[in-house]
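Biologist: I would like a close look at a single part of this protein, the sheet. Please describe how the strands are arranged and what packs on them.

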Amino acid sequence: MEVSFSKEIESLRLGAGDTFHGEGILAITKALLQSGVAYIGGYQGAPVSHLLDVMVQARPYMDELGVHVEACSNEASAAAMLGASIHYPLRGAVTWKSIVGTNVAADALSNLSSPGVTGGALIVVGEDYGEGASVIQERTHAFALKSSMCLLDPRPDLEVMTRMVEQGFCLSEASNMPTILELRIRACHVRGSFAARDNRPPAISTRALMENPAVFDYMRLAHPPVTFRHEKLKTEQRIPAARRYIVENKLNELFAGRHDDLGVIVQGGLYNALVRSLQQLGLADAFGDTEIPLLVLNVTYPLVPEQVADFCAGKRAVLVVEEGQPEFIEQEIATLLRRRDLQTKLHGKDLLPSGGEYTVEVLATGLTQFAASYLPGPATEDARRWLAGNQERRQAAAAVLEQPLPARPPGFCIGCPERPVFSALKLAQQQIGNVHIAADIGCHAFGTFEPFSMGHSILGYGMSLASRAGVSPMMQRRTLAIMGDGGFWHNGLLTGVQSALFNGDDAVLLIFKNGYTSATGTQEILSTPDEGAKSRASDKGRSLAHTNQTIEAALKGLGVQWLRTVHTYEVGKVRATLIDAFTSEFNGLKVIVAEGECQLERQRRLKPWLASLLHKGERVVRVKYGVDEDVCNGDHACIRLSGCPTLTLKDNPDPLKVDPVATVIDGCVGCGLCGENAHAATLCPSFYRAEVVQNPRWHERLLHTFRSAIVRALQPA
């Protein structure tokens, strides 16, 4: 793992009397240690990836505390770790990105929730929902409901968030239910401070081992017929115990207001946005003092019927602020009020959108309608003017532009080793015809955007090869599945490769081997090159080719007979290999491993090294590519074939030509793709390769002076 978290690790050592300052997700990490956690596992993925990344790099300190840390191969293996808390008084925490990660972990979570836990089991999920999300728009709440797991959605305040970590363990132990701590994107990145406490080494740990295993207890297995008993325990004992703990420890918060005939029930994670929206109506100040009473649900499941009923009793109306759909909380509250014959008017999705993130403006729109019905007056009109002003400013900004701004789809990093493979695939399809392409999760998913626009489906991390199984038999031409090395180890080896081999499927699998799970933060995986290979890599090399053969070895071990390894930047060779795979007489799975190190990781390694050489005054050569504007024919095929951000357009310097010419701007990392594409596709020969020499030797300076003089002499006056 190339990114260093040394500063974050130091903040984990803070103790009583110290004040922690930082981001929400790091505060959660510190709170786990303060709560006496015994083991931690997880799978990387924003917005909670730093939790696991920091813990992995802090292993020496974790060893001092006796805390076991494990980077898991996927979310299912992380969830299965919590099985340690079924029999033993061990506090365990696992983490991943939800909802996709929770989907993967669902089987283990169901089998954990059925027998219940003895030690506290905390699942920290990054609720990747809303405008900044990178996954499908679903909610973790459904999993808490179906499997009877407590669900915490803490108010985005570091004091509250860290308290909810410790209380989450206690709630889990009091109810014997696993507890999910849901952290929204904004909560993960909110900054603040809290009074630190000493870290608690667990009573049972890697430094204080158990002598004997637990006594066999069939009731602790998720296996019929005891699963029928487990179902009754959930409703008769566990949920009531959880509700008692929630009330006794005041996990939910009540904020009073002078308009006590009205109320708002809000998920804890939406509190900050709600208060900011109330400010727009003059119903709250900057310090959070509100005119309307609030019931803040730091625990969104299970709800406490008596607590909700007491809040709603005697009120004219209550607004439920619940992000996403279905409206689980609103429906439960509506049922609760009806059963108690409370006539309080209930609002929610009738005033607020059914889906999408509840931003301040969205909430203010709904609150304005709510206030207009029950608190008409100047505040409502001020809010309406503010909302109208926002719309007017958007329209004014659009009117300034003569035409809409061009779309800026996301794309590969500069020098990404995966871009040339898509260029080669584009060229290959010109010869063999279009093919069905099963895409996958990972950096290579950027190939679905322009200028490549390749990929018919994305069904799950590492599931591309499995997803084409129903298409292959129906196609005249072979299908292609694209997978990264991260996806290969996460799920693809078993769900895709094993299944294709078992069924004798005739398909093509393209594996991008860049050495890391790059899309989640370049964490190391089983096929990451070792440090020795990295240190031996030449600064002129484009990748760490053939330094780790675990993917190839695994494929051969499973019985893959048609296997080719190619260098991603060699576009012509990649194209030829793709054509060979689609036209080969071999009937069976054909696998192409396209190898090229993640450019981000390569630059993180090279830049400090080059900087140190320059500081010492040593000679450094940097490759730079450019375009001869006199040769460029202006058809821009090179751009359509590459899509590199540093390959763009500029005005033609020739006054007799109107078409802009291609140019390579600063930021080029010298990967050479533009030249490779020009050669493979037989484009115009306008690209040139230059070497920028810093701290040149004396004879190089002399030669440069001589050459410059000759060039000046040959130029017309």
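Modeller: In β12, the residue that L152 has as its bridge partner is V299. L152 belongs to strand β6, residues 150–152, and this strand is joined to β12 by two bridges, with the two strands running antiparallel. Please keep in mind that the model is predicted.

That pair sits at one end of an open sheet of seven strands, whose order is β3-β2-β4-β5-β7-β6-β12. The pairing across the sheet is mixed. Its edge strands are β12, residues 299–301, and β3, residues 68–71, each of which pairs on one side only. From one strand to the next, the twist averages 20°.

Now to the helices. Helix α2, residues 24–34, lies across four strands: β2 (39–42), β4 (92–98), β5 (121–127) and β7 (179–184). Relative to β7, helix α2 runs at about 155°. Helix α7, made of residues 100–113, also packs on the sheet, where it touches β4 and β5. The direction of helix α7 makes about 140° with that of β4. Strands β4 and β5 thus appear in both lists: helix α2 lies across them, and helix α7 touches them.

One item from elsewhere in the chain may be useful at the bench. L703, F706, I710 and L714 make a nonpolar surface patch of about 420 Å². Of these residues, F706 lies in helix α26, which spans residues 698–714. F706 counts as exposed because its relative accessibility is 53%, and the cut-off for exposed is over 50%.

How values were computed: Residues numbered from 1 in each chain as written. Predicted model: local features only at pLDDT ≥ 70, side-chain atom pairs only at ≥ 80, totals over all residues. Heavy atoms only, no water. Pairing = 2+ DSSP bridges. Axes fitted to C-alpha atoms, helices over the stretch in contact; angles between N-to-C directions. Contact = heavy atoms within 4.5 Å. Patch = residues over 30% accessible without salt bridge, like charges linked within 9 Å, V, L, I, M, F, W, Y side chains within 5 Å. Areas by Shrake-Rupley, 256 points an atom, 1.4 Å probe, with all protein chains shown as cover. Salt bridge = Lys/Arg side-chain N within 4 Å of Asp/Glu carboxyl O. Buried < 20%, exposed > 50% of the residue type's maximum accessible area, 1.4 Å probe, protein only.
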